[in-house]
Amino acid sequence: MVDPIKLVEKAKQANLKDPWARRETWRMHPSFSKMSQLKGMFPGFGIASGLFAVYLVYDHFTGTKAQH
């Protein structure tokens, strides 16, 4: 998790004179990178896909065939 106090201290250490530049330093944190956002986009997709595959295999071998 991002600690805003550390980010403020880091901005002060960088000696940023522009107050807007100091406020924008949080955007440079690694947790806000593109790859980090893509990883967290579908948090349960892998587990759900695996369980769905198990269900399909189970249904294929134990399911009853409908007679039309």
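This chat goes through a predicted model of a protein chain, from its overall fold to a nonpolar surface patch.

Trainee: What's the pattern along the sequence here?
Mentor: Reading along the sequence of this predicted model, one finds the pattern α-α-α-α, so to speak a chain with four helices and zero strands.

Trainee: And how much of the chain is buried?
Mentor: Of its 68 residues, 3% count as buried, while the protein chain exposes about 6700 Å², with carbon and sulfur atoms supplying 66% of that area.

Trainee: Where is confidence lowest, and where is it highest?
Mentor: The lowest confidence falls in helix α1, residues 4-13, with a mean of 70, and the highest in α4, at 93; for the protein chain as a whole the mean pLDDT is 78, and 78% of the residues reach 70 or more.

Trainee: Switching to the surface, which residues make the nonpolar patch?
Mentor: Met35, Leu38, Met41, Phe42 and Phe45 make it, and the patch covers about 600 Å².

Trainee: Where does Met41 sit?
Mentor: Met41 is placed in the loop between α3, which spans 34-39, and α4, which spans 45-62.

Trainee: Is Met41 buried, exposed or partly exposed, and why?
Mentor: Its relative accessible area is 47%, and because exposed requires over 50% and buried under 20%, Met41 counts as partly exposed.

Trainee: What about Phe42 and Phe45, buried or exposed?
Mentor: Both count as exposed, because Phe42 has 58% relative accessibility and Phe45 has 57%, with the cut-off for exposed being over 50%.

Trainee: How many aromatic pairs are there?
Mentor: The count comes to two aromatic pairs, and one of them is formed by Phe42 and Phe45, whose ring centres are 6.2 Å apart, with 50° between the planes, and which is classed as tilted.

Technical notes. Residues are numbered from 1 along each chain as its sequence is written. This is a predicted model: local features need pLDDT of at least 70, side-chain atom pairs count only at pLDDT 80 or more; totals for chains, interfaces and linings use all residues. Side-chain values use heavy atoms; hydrogens and water are left out. Patches are made of residues with over 30% relative accessible area and no salt bridge: like charges are joined within 9 Å, nonpolar side chains (Val, Leu, Ile, Met, Phe, Trp, Tyr) within 5 Å. Accessible areas come from the Shrake-Rupley method with a 1.4 Å probe; for residues, only the protein chains shown count as cover. A salt bridge is a side-chain nitrogen of Lys or Arg within 4 Å of a carboxyl oxygen of Asp or Glu. Helices (H or I, at least four residues) and strands (E, at least two) are DSSP runs, numbered from the N terminus. Buried means under 20% relative accessible area, exposed over 50%, partly exposed in between (1.4 Å probe, protein chains only). Rings of Phe, Tyr and Trp (its six-membered ring) pair if their centres lie within 6.5 Å; planes under 30 degrees apart count as stacked, over 60 as edge-to-face and the rest as tilted. pLDDT is the predictor's confidence in each residue, from 0 to 100.
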